[in-house]
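Please open the model in your viewer and keep the selection panel at hand for a short guided tour.

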Amino acid sequence: MSLLELADVSRSFGGNRAVDRVSFDMSDRVLAVVGPNGAGKTTLLNLIAGQLRPSRGSIRFRGREISRLAPWRIVGLGMVKTYQIVRPFRSLTVEENLSLFARLRGKAEVGEILQETGLREVRGQLAGALPFGLLKRLELAKGLASRPELLLLDEPIGGLSREEAQGLVGTLEALKSHGVGMVVVEHRLSEILPIVDRVVALDQGRLIFHGTREGFFEDPSVRAAYLGGRDAGG
Amino acid sequence: MPPDRGRSGLGVRRIVRRLASPVYLAALVAIVGFAYLGQGDPMSYFALSLVIASIYITLALAWDLSSGMTGYLNFGLPFFFGLGAFTTGYFSWQDHVRSQPLLAIASLAVGLLAGFLFAFPTLRLRGPYFSLLSILLPLIATDVVLSYWTQLHMPTQGYYSIPLLGPTSAAELIVLSAVNALLLTGFFLLRDSHFGLVLRGIRDDEEALSAQGVRTFPYKLVVFTLASGAAGYAGAMYAMVISFAGPDTFQFTFLIFPILIVILGGTGEIAGSVLAGYVVMLLYSYFLQAFTELTFIVFTGAAILLVLFLPGGILRPLRSFIQFMRTPEPP
Ligand SMILES: Nc1ncnc2c1ncn2[C@@H]1O[C@H](COP(=O)(O)OP(=O)(O)O)[C@@H](O)[C@H]1O
Ligand SMILES: [Mg+2]
C-alpha cells in the first residue's frame with residue numbers, strides 16, 4: 001500500500017487553478033516537490049494536510065481517504081505539515097512549543113527531539129526571541145513532536161545560509177534513517193538532493209514530472225519548463 | 001527549568017513544586033493578610049471595601065482564566081454575574097431558600113449551564129466574531145428576561161431582602177477570601193499544566209495550533225464554562241452582600257474593573273490579578289470617598305494611561321528582568 005496517494009486533485013482560487021488534476025503515488029521515504037514560485041507547491045501541501053479542501057479529487061493516507069478530515073484528525077493519523085513562513089508560539093519557551101504537541105500520538109520524548117534538532121541549548125528560551133535559523137529548526141521540531149509517520153515540509157531550508165542548510169539536511173537525513181517519511185517542498189533542490197528518493201515537479205498547478213531524481217534532470221519537459229534558462233538550484 | 005515541567009499528573013510533590021512560585025505565594029499572602037486586616041473593625045468602610053474588592057477579584061480571576069489566557073475577549077462577563085445575582089434573588093424570594101451556601105451553589109450551577117450554552121455555539125467563531133456575540137447575546141437575553149419580568153410575578157424593582165452573606169463585613173470577607181484562595185490555587189495550577197499551555201498556545205496562534213494537531217475547541221469550552229460559573233458565584237455573593245439584586249447588577253463596571261485589574265496584574269498571569277485587584281479596588285474605594293462624583297472619570301483616565309504605558313502589567317517587566325538575569329549567553 002502506498003503511504004500517500006493523490007488522484008485527480010484540483011483546487012482553484014477564483015478562476016486561478018492553483019493545483020490542477022494532480023495524481024501521484026508515494027511509496028518511498030522522501031519525495032521532493034519542486035517548481036517555480038507560484039507553481040502550487042504550498043497549496044498542494046495544504047490540501048494534503050487538510051488545511052484546504054480540494055475542489056475535486058481524492059487524497060489517501062495509508063489507504064484512508066482524508067480529503068474531508070479536519071487537520072487535527074489528519075495529524076492524529078500520523079501526518080503533519082510545517083510552515084514555510086515559520087509560526088512559533090512566541091510567548092512560550094522552545095520546550096513548551098514542543099510539549100504542546102507531545103501527547104497527540106502516544107508520548108513523544110521532547111528531550112530527544114530537542115537533541116535531534118539541535119535545540120537543546122535553547123530549550124528554556126522564549127520562541128519569540130530566537131534567531132531565524134533556530135526558528136526554522138523549531139518549525140521542524142514542532143512537526144516532529146506529534147510523532148508523524150509522514151512529515152510535510154514546506155521549504156525547510158528556505159532563507160538559511162549554506163552552512164545552516166547543510167546542518168538541517170543532516171537532521172532530515174537522520175530522520176529518514178529512523179523511518180520518517182517526508183514530502184519536501186524545496187526551491188533549493190540541489191542541497192536536499194542527497195536525501196531525496198523521488199521528485200514531483202509542478203508547473204502552473206500541473207504535474208509535469210514524477211520519477212527518480214536521476215530521471216528528473218534528463219526529462220525533456222522538466223528541462224523546458226523548469227530548468228530552461230533559470231537556475232533550479234535557487 | 002526542569003525538563004518535565006509540561007507533564008500532567010497530580011502527584012503532591014509536583015503540585016507543591018508548581019505552587020512554589022513567588023507570584024502565587026504573594027497573592028496567597030495578600031488574600032490571607034487582607035482577610036486578617038479586615039477583622040480589625042468588622043463594620044468599617046475598609047472591611048466593606050475589602051469585601052467588594054474580593055468580589056471583583058473573583059471576576060478578574062474568571063476573566064483572566066478564560067479571556068486573558070486565550071485572547072478571546074468575552075464581554076458577556078457581567079451578564080453571567082447578573083444572572084448569578086438574579087438566581088440568588090429568585091430562589092430566596094419570599095423566603096423559599098434561606099441557606100447562603102445553597103443559593104451560591106444554585107448561582108454557580110446556573111452560571112456554568114448558561115456559560116456552556118453560550119460558549120458551545122460561539123466559540124467556533126474566531127476572536128472578533130466571538131467578542132461581538134458575547135455582547136449581543138447577553139443583551140438580547142437580558143431584554144427577554146426583563147420584558148417577561150412582570151408576567152413571571154417578579155418584584156418590579158428587583159429582589160430585595162436577600163439573606164445576608166454574614167453578620168458583618170469582616171465575616172463576609174472570610175468567606176470570600178477562602179473561596180478566592182481556592183480559585184486562585186485551582187486556576188494557577190491549571191495555568192501551569194498542559195491544559196494551560198494549550199490555552200497560551202491558542203492566544204499565540206490558534207490556527208497553527210489546530211493545523212498542527214491540537215483540537216482547541218474543548219479547551220476553550222471548558223475555560224469559558226468555568227469562568228461563567230465563577231461569575232455566577234460572584235453574582236450570588238454580591239447579591240448577598242447588598243441584599244438586593246436588580247437590573248443594575250448587569251452594569252458594565254463588572255466588566256471594566258475586572259479587565260483593568262487583569263491588565264494591571266499581567267494578562268494570563270492569574271496570580272497577578274489578585275494582587276492588582278486589591279490595589280485597584282482599594283484605590284477606587286479611597287477615590288470614592290475623596291472625589292465622589294469624579295471617581296469614575298479619574299479612574300477611566302488612569303486605565304487609559306495604564307494601557308498606554310504598561311500594556312504588559314506590573315509583573316511583566318519584573319518577569320522579563322528575572323528571565324534576563326537567568327538566561328545564559330546565547331551560543
Ligand atoms: N489563499 C489563496 N487565495 C488565492 N490565491 C491563492 C491562495 N493561495 C495560493 N494562491 C495562488 O495559487 C498559486 C499557487 O500558490 P502557491 O501554492 O503558494 O505556490 P508555491 O508554493 O509553489 O510558490 C499562486 O498563483 C497563488 O497566487
Ligand atoms: Mg510556497
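Begin in chain B by selecting helices α10 and α11: α10(B) passes α11(B) in a right-handed crossing, a term used when the near helix is turned clockwise from the far one by less than a right angle. This is a predicted model, in which local features need pLDDT of at least 70, side-chain atom pairs count only at pLDDT 80 or more, and totals for chains, interfaces and linings use all residues. Residues are numbered from 1 along each chain as its sequence is written, chains are lettered from A and ligands numbered from 1 in the order in which they are written, and side-chain values use heavy atoms, with hydrogens and water left out.

Helix α10 (residues 253-265) and helix α11 (residues 271-291) of chain B pack at about 125 degrees with their axes 8 Å apart, and are therefore oblique to each other (not under 35, over 145, or 65 to 115 degrees). The residues of this contact (heavy atoms within 4.5 Å) divide into nine nonpolar, four polar and no charged; among them, B:Phe257 and B:Leu260 lie in α10(B), and B:Met281 and B:Tyr284 in α11(B).

Next select helix α4 (residues 77-92) and helix α5 (residues 100-122) of chain B, which pack at about 135 degrees with their axes 8 Å apart. Here too, α4(B) passes α5(B) in a right-handed crossing.

Finally, select the magnesium ion (ligand 2), coordinated by A:Thr42 (OG1) and A:Gln84 (OE1) at 2.0 to 2.5 Å. The two residues are 42 apart in chain A, with A:Thr42 in helix α1 (residues 41-49) and A:Gln84 in the loop between β6 (79-81) and α3 (94-99).

Definitions and conventions: Donors = N, O, S within 2.8 Å, 3.2 Å for Na, K, Ca; no water. Helix = DSSP H or I, 4+ residues; strand = E, 2+ residues; numbered from the N terminus. Axes fitted to C-alpha atoms, helices over the stretch in contact; angles between N-to-C directions. Nonpolar A, V, L, I, M, F, W, Y, C, P; charged D, E, K, R; others polar.
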